[in-house]
Amino acid sequence: HMFLIDDSTCTLVNGCHHLVKNFGCQITHLYVYGIMIFLFSSCQDPSISEPAEQTSQQTPPPRSGNYVGHQKCAECHADIAEKHLSSPHAHTFALTKDSNVAAMLCGMSVKASPPFNGYEYACDDQGLTAAIPEKFQEVFPLDFALGSGKHAVTFLTLMQDASGDPVGIEHRKTWFSSDKSLGLTPGHDDQVPNADGEYFGRIFIGDDLTRCIDCHTTAANIVGRELVNLYPNVQCEECHGPGSEHVAAAELDEANLHFKIESRWSAKAEIQMCGRCHRLPEDVDPDRLKRYPKSLVRFQSIGLLQSPCFLKSEGKLSCTTCHSPHDAVESRTHEEQIQTCLTCHQADVPEHVVCPVSPQQDCVRCHMPAIDLVRGIQFHDHWIRVRDEEFKVTSKAEQTGHEKVMETETILQSGSSDE
């Protein structure tokens with residue numbers, strides 16, 4: 001695809017005083033290639049090729065009612081709301097002017113080899129900006145901070161093409177919590193800038209942009225360079241649906257309130273719901289799914305759906321069998337997770353399969369180990385299975401193309417080079 005963006009078609013909103021025209025209006029011959037985004041848990045995987053055949057379950061049916069916001073839910077569900085505040089889901093999206101991570105970057109500079117030359121960061125009442133003084137006089141706005149910060153935070157900028165359609169620019173630098181520093185955003189190692197905006201990050205459009213926003217917010221509509229009707233973070237109504245009808249019924253003291261909200265799912269429906277953002281098999285090229293490279297372990301739904309534990313559970317095993325839907329993963333202790341495994345692997349039940357190596361412990365370490373991906377980030381492999389003694393998901397020789405970005409990047413400290 002090629003976008004032609006010039007001064008006559010540029011649109012700025014909300015009186016944005018950052019001079020964006022060099023990066024939003026004068027981006028000419030903007031070749032969009034590899035329009036993928038990596039945000040560790042929810043945005044499009046850079047190494048996914050054309051998706052497999054889609055299923056009707058991937059796109060949920062339209063929801064009725066209006067959103068009320070999680071504060072309204074907390075009026076009756078205070079305990080659940082308080083637990084949810086400690087979960088990463090409650091902190092997946094922020095304007096950079098409200099982001100603690102963005103605030104830490106104010107005044108910081110990082111170097112990089114040509115053609116990027118590094119960035120100088122500054123903050124004002126609009127949020128975080130990045131500058132390349134050697135190349136451009138204007139500063140580049142970094143609008144949004146995506147990611148809870150448990151693993152990382154990546155910055156996103158919204159612009160428009162000549163037709164007025166939204167264009168996203170994922171910033172070239174990501175903040176990693178493992179060493180509390182900036183590093184190269186995975187998926188950007190092979191980027192060659194063909195336009196001014198690409199000196200600041202990778203460009204993506206269409207469904208990739210929409211899905212990224214959708215998976216870091218409860219609701220939002222992209223209109224030009226704005227997000228309207230924004231309900232940030234993954235809050236109650238992301239899973240339960242718009243709450244207006246449920247709230248109205250509760251205020252009228254009606255019976256059967258659960259009919260007014262989504263609250264009961266089969267195991268398969270629950271996995272499909274979580275998989276809208278944590279990925280499903282139909283999102284991945286069949287050949288890659290068959291090879292199951294290391295980078296797939298961050299898509300937990302894909303692993304779980306092919307696990308013998310799920311396939312033999314008669315439709316009972318789901319995400320919430322092991323995880324609290326309202327709390328952080330760490331809210332359940334390792335011992336509690338082991339006990340969950342043992343409910344189906346008891347030595348005194350003839351039809352149960354009992355581990356001959358460690359029947360009472362080490363279930364997680366042996367059968368769904370934590371896999372290192374990038375910059376200290378680990379994900380447990382949810383393809384639960386018996387593994388070879390020296391288990392390797394994939395060798396480096398098998399990692400090709402964009403999968404190489406999952407290997408550990410060189411740590412970037414302020415003032416050092418990442419290339």
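This passage looks at one sheet and at several salt bridges in a predicted model.

A good place to begin is the sheet. Four strands make up an open sheet, in which they follow the order S4-S5-S6-S7 and pair in the antiparallel sense. Its edges are formed by strand S4 (109-110) and strand S7 (140-142), each of which pairs on one side only. Strand S4 is joined to strand S5 (residues 119-124) by two bridges, again in the antiparallel sense. Within this part of the sheet, Ser109 stands opposite Glu120 in S5. In general, the strands of a sheet pair through backbone hydrogen bonds.

Attention now turns to charged side chains. Side chains of opposite charge can pair when their charged atoms come close. The structure holds 12 salt bridges, and Lys72 takes part in the pairs described next. With Glu75, Lys72 forms a salt bridge whose closest N and O atoms are 3.4 Å apart. Lys72 also forms a salt bridge with Glu251, and here the closest N and O atoms are 3.5 Å apart. Because Lys72 lies in helix H2 (residues 70-74) and Glu251 in helix H7 (residues 244-251), this pair ties together parts that are 179 residues apart in sequence. Glu251 is exposed, with a relative accessibility of 58%. Through shared partners, salt bridges join Lys72, Glu75 and Glu251 into one network. Within that network, Glu75 is exposed at a relative accessible area of 56%, while Lys72 is partly exposed at 28%.

A further salt bridge links Arg387 and Asp381, with the closest N and O atoms 3.3 Å apart. Both Arg387 and Asp381 are buried.

Notes. Residues numbered from 1 in each chain as written. Predicted model: local features only at pLDDT ≥ 70, side-chain atom pairs only at ≥ 80, totals over all residues. Heavy atoms only, no water. Pairing = 2+ DSSP bridges. Salt bridge = Lys/Arg side-chain N within 4 Å of Asp/Glu carboxyl O. Buried < 20%, exposed > 50% of the residue type's maximum accessible area, 1.4 Å probe, protein only.
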